[in-house]
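Open the model in your viewer and keep the selection box at hand. Each stop below names what to select and then says what is there.

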Amino acid sequence: MDRAARHKMMHCGVAITVALAFQGAALAAAPVNQDLFARATQARPEVTSLLERLVNIDSGTGSEKGLDQVGAIVAAEAKKLGMRVDFSSAAPAVGHNLVATLSGTGTARILLMAHMDTVFADGTAAARPFRIQGERAYGPGVMDDKGGIVIALYAIRLLQQMQFTNFKQITLLVNTNEETSSKGTVKLIAALAQQHDVTLNLEPGRVADGLVVWRKGTADLQIDVKGKSAHAGVAPEAGRNAAMEAAHQMLQMATLGDDAKKTTVNFTVFHAGERSNVIPNAALVRGDMRATDAAEFDRVEQGMARMAEKKQIAGTEVSTRLVRGMPPMPATPRTAALAARAQAIYGELGMKLTMEGSGGAADANFASGAGAATLDGFGIVGGAIHTEDEYAELNSIAPRLYLLTRMIMDVSTTPVPR
Ligand SMILES: [Zn+2]
């Protein structure tokens, strides 16, 4: 069955479940909030038209004009919701990060995060503007992450329509440089995450309609080998072959990966020698490490230093380096409890979220690294991310709006333990 057909079936499933719940049929899930689901369903045309406006502005990372235009639209929408809007420089990245806040009458502090930058160059929106085909919308950044921005704004709108104010503060951060590792936003993310009880990141909702419950952290690896040059024909024995030693080190250090712990070690760059008849006196290897557990970075760092002592070619010098990048967002009992709450909410619609992990890092890593209870994937559902076929499932707008709105209500009413 193709995805469109499956989604149509899911959509029917929602309608049937809602009807059954209405009739008081025996269901394991809590009853759907009919009022909210009706409002989420009615919001679709407006959500779609705001999505269209945002997609039709090129806002690739570094494209200042487009980022400013998107920021201005988001600011105007947030102000319509009575939110206070602040912009701050995203230096060393381009543009201005937007922080919109809304105060309520309760105690919970909830951080929503999305990003306005895309991976697409200026001119893309004109070349292939927003379009709808069947139940899918297409265009640059339609799911990643303009879909996330509109879901966040409309969830807040639905809360207001429901006159739900039982939170202390809802904060929406819209980042200008997520696609290039958020160098201009990482401090802001960490500071805001620490000031809130829970962080819900609005990266796309995955192809299979899921949440992201863990993400790997990253590190760059380096092996430096010093050897001794010699003529490869006349006196190879006088040389100390740095390339051969580097190859040996690379192979033994690659065993530091650990499948059971989802730790990967991949050496990806190798530089040594200039001429085939010269024994090379230096070699440089670089690699990529990913792990879901921060302790793994320590283990691999120590393992590399220990293995560097085990040389194959005497007289070479080997030094290693591990440079930590983004912190991991690990699966913890706290995130599992949050994910279970999201699953229960989706269950009210007769729907099921897939719980996924990703080797790719995102802003949720920074929030989690700052100690915040963090879940990701609250954006719009779609696929073909970062390609010209990127799409958003329009059928996901109502259930995803329902999910985020109810999630905010839920964590407001029953606090997330810090
Ligand atoms: Zn994204």
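This is a predicted model. Start with helix 10 and helix 12, which are oblique to each other. Select residues 333–347 for helix 10 and residues 397–413 for helix 12. Their axes come within 10 Å and cross at roughly 125°. An angle from 115 to 145 degrees counts as oblique, neither roughly perpendicular nor roughly antiparallel, so the word fits this pair. The crossing of helix 10 with helix 12 is right-handed. Now show the side chains at the contact. Helix 10 brings Arg341, Ala342, Ile345 and Tyr346, while helix 12 brings Leu403, Arg406, Met407 and Asp410. By class, this contact of helix 10 with helix 12 has 5 nonpolar and 3 charged residues, and no polar ones.

**Second stop: a strand inside**

Select residues 210–215, which form strand 8. Is this strand enclosed or open? Of its 6 residues, 5 are buried, so strand 8 is largely enclosed by the rest of the structure. Add residues 354–358 to bring in strand 15. Strand 8 and strand 15 pair in the parallel sense, over 5 bridges. To see one position across the pair, pick Trp214, which stands opposite Gly357 in strand 15.

Step back to Asp209, in the loop between strand 7 (198–201) and strand 8. Its phi is near 60°, a positive value in a residue other than glycine. Most residues other than glycine have a negative phi. Asp209 is buried, with 23 other C-beta atoms within 10 Å.

**Third stop: an open sheet**

Here 4 strands form an open sheet in the order 11-13-9-14, with antiparallel pairing. Its edge strands are strand 11 (264–272) and strand 14 (317–324), each pairing on one side only. On average, neighbouring strands of this sheet are turned by 20° against each other, direction ignored. Select strand 9, residues 217–226, together with strand 14. The two run antiparallel and are joined by 8 bridges. One position to check is Asp224, whose bridge partner in strand 14 is Ser319.

**Fourth stop: the helices across the sheet**

Select helix 8 (residues 242–253) and helix 9 (residues 295–308). Helix 8 lies across strand 9, strand 11, strand 13 (282–291) and strand 14. It runs at about 150° to strand 9. Helix 9 lies across strand 9, strand 11, strand 13 and strand 14, and runs at about 170° to strand 14.

At what angle do the axes of helix 8 and helix 9 cross? They come within 10 Å and cross at roughly 140°. The two helices are therefore oblique to each other. Their crossing is right-handed. Zoom in on the contact: Gln249, Gln252 and Met253 in helix 8 meet Met304, Met307 and Ala308 in helix 9. The residues of this contact divide into 4 nonpolar, 2 polar and no charged.

**Last stop: backbone details in loops**

Most peptide bonds are trans. Select Ala91 and Pro92: a cis peptide bond joins them, with omega about 5°. Pro92 is in the loop between strand 1 (84–89) and strand 2 (96–103). Then go to Asp144 and Asp145, also joined by a cis peptide bond, with omega about 10°. Asp145 is in the loop between strand 5 (136–138) and helix 6 (146–161).

Finish at Ala384, in the loop between strand 17 (382–383) and strand 18 (391–393). Ala384 has a positive phi of about 55°, although it is not a glycine. Buried, exposed or partly exposed? Ala384 is partly exposed, with 15 other C-beta atoms within 10 Å.

Methods
Residues are numbered from 1 along each chain as its sequence is written. This is a predicted model: local features need pLDDT of at least 70, side-chain atom pairs count only at pLDDT 80 or more; totals for chains, interfaces and linings use all residues. Axes are lines fitted to C-alpha atoms, for helices over the stretch in contact, and angles run from 0 to 180 degrees between N-to-C directions. Angles under 35 degrees count as roughly parallel, over 145 as roughly antiparallel, 65 to 115 as roughly perpendicular and the rest as oblique. A crossing is left-handed if the near helix is turned anticlockwise from the far one by less than a right angle, and right-handed if clockwise. Two residues are in contact if their C-beta atoms, placed from the backbone, lie within 7 Å. Ala, Val, Leu, Ile, Met, Phe, Trp, Tyr, Cys and Pro count as nonpolar, Asp, Glu, Lys and Arg as charged, and the others, Gly among them, as polar. A residue is buried if 20 or more other C-beta atoms lie within 10 Å of its own, exposed if 12 or fewer, and partly exposed in between; C-beta atoms are placed from the backbone. Two strands pair if DSSP finds at least two bridges between them.
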